[in-house]
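User: Got a minute to walk me through this model?

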Amino acid sequence: MDFNLFMQDVVDAARKDITEAGYQELKTEEEVDQALNREGTTLVMVNSTCGCAGGVARPAATNSIHYDKRPDHLVTVFAGQDREATEKARTYFEGFPPSSPSFALLKDGKIVTMIERHDIEGFSAMEVTGKLQTLFDQHCEEI
């Protein structure tokens, strides 16, 4: 089996999981600026193919948005794949080191808080879903 082909399949599946859930994929610096400067709340899912944390973050990203409160905008960048877009997104996460997978909650283009890899790794998808929904309760409007 060709490793590069295998990894491309893994990346494609990880992208599909998030976009099918309703997250807008950002692949360029321009798309990041446009998306993260919108008014309202924006959840940025920093996607990753890393083993256990990525396998927890994607289901949490999908399940957390089926809730009474949720961000106005759902977007994703893919660490290690869309490098320029990811680096641009991280410039908005002031005060937080690079972390993937992770979730950043922004309001009117400013970072509110993050759920970093250490908040994901070692936890179940349901526990991370709960962490996200707690943020939504605190910072988002009812839909």
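Here is a short chat about the fold and one of its strands.

Analyst: Sure. Keep in mind that this is a predicted model, where local features need pLDDT of at least 70, side-chain atom pairs count only at pLDDT 80 or more, and totals for chains, interfaces and linings use all residues. Residues are numbered from 1 along each chain as its sequence is written, and side-chain values use heavy atoms, with hydrogens and water left out.

User: How many helices and strands are in the protein chain?

Analyst: Six helices and five strands, counting DSSP runs (H or I of at least four residues for helices, E of at least two for strands), numbered from the N terminus. The order from the N terminus is α-β-α-β-α-β-α-β-β-α-α.

User: What about strand β4, how many of its six residues are buried?

Analyst: Five, so β4 (residues 102–107) is largely enclosed by the rest of the structure. Buried means under 20% relative accessible area, with a 1.4 Å probe and protein chains only. Across the 143 residues of the protein chain, 45% are buried.

User: Which sense does β4 pair with β2 in, parallel or antiparallel?

Analyst: Antiparallel, over six bridges, with β2 covering residues 41–47. Strands pair if DSSP finds at least two bridges between them. V44 sits opposite A104 in β4.

User: And β5, how many bridges join it to β4?

Analyst: Five, with β5 (residues 110–115) running antiparallel to β4. K107 faces K110 in β5. The two strands make a hairpin with two residues between them, and D108 in the turn has a positive phi of about 50°.

Conventions
Buried < 20%, exposed > 50% of the residue type's maximum accessible area, 1.4 Å probe, protein only.
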